[in-house]
Every structure is written in C-alpha cells, then in structure tokens.
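Subject: Structure for your files, with notes

Hello,

Please find the structure below. My notes on it follow.

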Amino acid sequence: MAKAGVTVTIKKITGKDEVRLHLAEIGFVVDSEVTVVNEIAGNLIVQVKESRLALDRTMANRIMIG
C-alpha cells in the first residue's frame, strides 16, 4: 500500500481475467503511473491519468507496485 501523495508505477496486476480486464479498462495497466490521493479506512482514492477513482482494499491489493 502506497501512502497518500505518493506516485507509484504498476508492476503487475493479479486476479482473475475478468478483474484484470476491468482494471485495464479503467486505466490500471502495467508500467503506468498512479498517485494515491487519499486513504480512508483502507479504501483508496487514486489518480490514474486524468481521472480520480475509488478502490476498495480488496481491489487495491491486486495491483502490485514498485
């Protein structure tokens, strides 16, 4: 889990094919950068490209960063 205000690069996305496809459709692809805007009770608000999205802890844990 990255801290708020930190920009990270996605290294790997785990989970079933449907989950990986859904994340790719909303901008979470390997080697793209995301910024954690805020964390509330383990859920994250992240900025991907020009959009801000909310992710629950389960979905966020499928995105491996480096």
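In what order do the elements of the protein chain run from the N terminus on? The order is β-α-β-β-β-α-β, which comprises 2 helices and 5 strands. Helices (H or I, at least four residues) and strands (E, at least two) are DSSP runs, numbered from the N terminus. The radius of gyration of the protein chain is 11 Å, close to the 11 Å from the globule rule for 66 residues, so the chain is as compact as a globular protein of that length. That radius is taken over C-alpha atoms, and the globule rule is 2.2 Å times the number of residues to the power 0.38.

Two notes on how to read the values. This is a predicted model, in which local features need pLDDT of at least 70 and side-chain atom pairs count only at pLDDT 80 or more, while totals for chains, interfaces and linings use all residues. Residues are numbered from 1 along each chain as its sequence is written, and side-chain values use heavy atoms, with hydrogens and water left out.

Overall figures

Along the principal axes, the C-alpha atoms of the protein chain fill a box of roughly 30 × 20 × 20 Å. Of the 66 residues, 29% are buried; buried means under 20% relative accessible area, exposed over 50%, and partly exposed in between (1.4 Å probe, protein chains only). Among contacts (heavy atoms within 4.5 Å) between residues at least 6 apart in sequence, 49% join residues at least 24 apart.

The sheet

The strands form an open sheet of 5 with antiparallel pairing, in the order β4-β3-β2-β1-β5. The edges are β4 (51-55) and β5 (63-65); each has a single partner strand, so one side of each is left without a neighbour in the sheet. From one strand to the next, the twist averages 45 degrees. Here axes are lines fitted to C-alpha atoms, for helices over the stretch in contact, and angles run from 0 to 180 degrees between N-to-C directions. Two strands count as paired if DSSP finds at least two bridges between them.

At one edge, β3 and β4 pair in the antiparallel sense over 5 bridges, and Val46 has Leu53 in β4 as its bridge partner. These two strands form a hairpin with 2 residues between them, and Lys49 in the turn has a positive phi of about 55 degrees. At the other edge, 3 bridges join β1 (residues 7-13) to β5, again antiparallel. Ile13 stands opposite Ile63 in β5.

The core

The largest nonpolar core has 15 residues, of which Ile10, Leu23, Phe28, Val34, Val46, Leu55 and Ile63 touch the most other members. Two or more residues come from each of β1, α1, β2 and β3 (43-48). A nonpolar core is a set of buried Ala, Val, Leu, Ile, Met, Phe, Trp, Tyr and Cys residues joined through side-chain atoms within 4.5 Å. Not counting residues up to four places away in sequence, Leu55 touches Leu23, Phe28, Asn43, Leu44, Val46, Ala60 and Ile63.

The salt bridge

A search of the whole structure finds 1 salt bridge, meaning a side-chain nitrogen of Lys or Arg within 4 Å of a carboxyl oxygen of Asp or Glu. Its partners are Arg20 and Asp17, at 2.7 Å from N to O. The two are 3 residues apart in helix α1 (residues 17-25), which separates them by about one helical turn. Arg20 is partly exposed at a relative accessible area of 34%, whereas Asp17 is exposed at 52%.

Individual residues

Thr9, in strand β1, counts as buried at 19% relative accessibility. Its contacts, leaving out residues up to four places away in sequence, are Asp31, Ser32, Glu33, Met64, Ile65 and Gly66. Ser32 lies in the loop between α1 and β2 and is buried at 12%. Beyond its neighbours within four places in sequence, Ser32 is in contact with Val8, Thr9, Ile10 and Gly27.

Glu39 and Asn61 can both be set against Thr14. Glu39, in strand β2 (residues 33-40), is 25 residues from Thr14 in sequence and 21 Å away in space, C-alpha to C-alpha. Asn61, in the loop between α2 (57-60) and β5, is 47 residues from Thr14 in sequence and 8.6 Å away in space, C-alpha to C-alpha. Glu39 is partly exposed at 36% relative accessibility, and Asn61 is partly exposed at 42%. Outside its neighbours within four places in sequence, Glu39 is in contact with Leu44 and Arg57.

Regards
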